[in-house]
Amino acid sequence: MTATITREELVELLHDSATTLIEALPTAQYDLEHLPGAVNVPGALTVADAARLAPDHHATVVVYCSGPECRRSKVTAAAFERLGYTDVRVYPGGKADWLDAGLPLEHAAVAS
């Protein structure tokens with residue numbers, strides 16, 4: 001079973017270490033708003049995507065989606081674990097919890 005992480009733990013982790021933060025939602029939702037520093041895995045995680053996004057199998061990977069009812073983060077986290085990643089965590093509160101706390105979000109750059 002994948003470990004979970006609270007909002008407070010995530011904020012601390014993002015300030016103190018090199019963590020790969022993954023949003024497991026469709027690209028349109030990621031482009032609209034995402035947690036600061038997050039990268040997007042909009043569908044099934046491939047070996048190539050995992051290697052590009054998180055080359056160190058022992059570094060921390062945190063996966064989130066829209067909130068507690070969303071299962072995409074659990075599916076993506078499990079895929080990282082199947083690929084041999086040793087420190088994978090799920091932020092079950094996701095965007096909903098982050099927004100409820102009044103924390104900032106980023107938006108994808110719009111091409112002009």
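This note goes through the sheet, one helix, the salt bridges and the cysteines of a predicted model.

1. **The sheet.** Five strands form an open sheet in the order 1-5-4-2-3, and their pairing is parallel. At the edges are strand 1 (3-4) and strand 3 (39-40), each of which pairs on one side only. As background, strands of a sheet pair through backbone hydrogen bonds, either parallel or antiparallel.

2. **Strand 4 and its partner strand 5.** Strand 4 (residues 60-64) and strand 5 (residues 87-91) run parallel and are joined by five bridges. Two of the residue pairs can be looked up in the structure: Val61 has Val88 of strand 5 as its bridge partner, and Val62 has Arg89 of strand 5. The chain passes from strand 4 through helix 4 to strand 5, and this β-α-β crossover is right-handed.

3. **How strand 4 is covered.** Is strand 4 mostly covered or mostly open? It is mostly covered, since five of its five residues are buried. In general, the side chains of a regular strand alternate between the two faces of the sheet. Here, Thr60, Val62 and Tyr64 lie on one side and Val61 and Val63 on the other, and all of them are buried. Both faces of strand 4 are therefore covered.

4. **Strand 2, between strands 4 and 3.** In the strand order 1-5-4-2-3, strand 2 stands between strand 4 and strand 3. Four bridges join strand 2 to strand 4 in the parallel sense, and two bridges join strand 2 to strand 3, also parallel. On the strand 4 side, Leu21 is opposite Val62, and Glu23 has Tyr64 as its bridge partner. On the strand 3 side, the bridge partner of Glu23 is Asn40. Thr20 and Ile22 point one way from strand 2, Leu21 and Glu23 point the other way, and all are buried. A second right-handed β-α-β unit is made by strand 2, helix 2 (residues 27-32) and strand 3.

5. **Helix 4.** Which residues of helix 4 (residues 72-82) are buried? They are Ser73, Thr76, Ala77, Ala79 and Phe80. These residues cover an arc of only 155° around the axis, so they sit on the same side of helix 4. The general rule behind such a pattern is that an α-helix has 3.6 residues a turn, so residues three or four places apart point the same way. The cover over the buried residues of helix 4 includes strand 2, helix 3, strand 4 and strand 5. On the face turned away from the buried side are the exposed residues Val75 and Arg82. Just after helix 4, Gly84 has a positive phi of about 95°.

6. **A buried salt bridge.** The whole structure has five salt bridges. One of them joins the side chains of Lys95 and Glu23, with N and O 3.2 Å apart. Lys95 belongs to helix 5 (residues 94-100) and Glu23 to strand 2 (residues 20-23), so this pair ties together parts that are 72 residues apart in sequence. Are these two residues buried or exposed? Both Lys95 and Glu23 are buried.

7. **A salt bridge within helix 3.** Asp49 and Arg52 form a salt bridge, their closest N and O atoms being 3.2 Å apart. The two residues are three places apart in helix 3 (residues 47-53), which means that about one helical turn separates them. Asp49 is partly exposed, at 23% relative accessible area, whereas Arg52 is exposed, at 56%.

8. **A salt-bridge network.** Salt bridges link Arg7, Glu8 and Asp97 in a network. Within this network, Glu8 and Arg7 have their closest N and O atoms 3.1 Å apart. Glu8 counts as exposed because its relative accessibility is 51% and the cut-off for exposed is over 50%. Arg7, at 21%, counts as partly exposed.

9. **Cysteines.** How many disulfides does a search of the whole structure find? The search finds zero. Two cysteines to look at are Cys65, buried with a relative accessible area of 1%, and Cys70, buried with 12%. For reference, a disulfide is a covalent bond between the sulfur atoms of two cysteines.

Definitions and conventions
Residues numbered from 1 in each chain as written. Predicted model: local features only at pLDDT ≥ 70, side-chain atom pairs only at ≥ 80, totals over all residues. Heavy atoms only, no water. Salt bridge = Lys/Arg side-chain N within 4 Å of Asp/Glu carboxyl O. Buried < 20%, exposed > 50% of the residue type's maximum accessible area, 1.4 Å probe, protein only. Disulfide = S-S within 2.5 Å. Pairing = 2+ DSSP bridges. Right-handed = clockwise from strand over helix to strand, strands pointing away. Arc of directions from axis to C-beta. Contact = heavy atoms within 4.5 Å.
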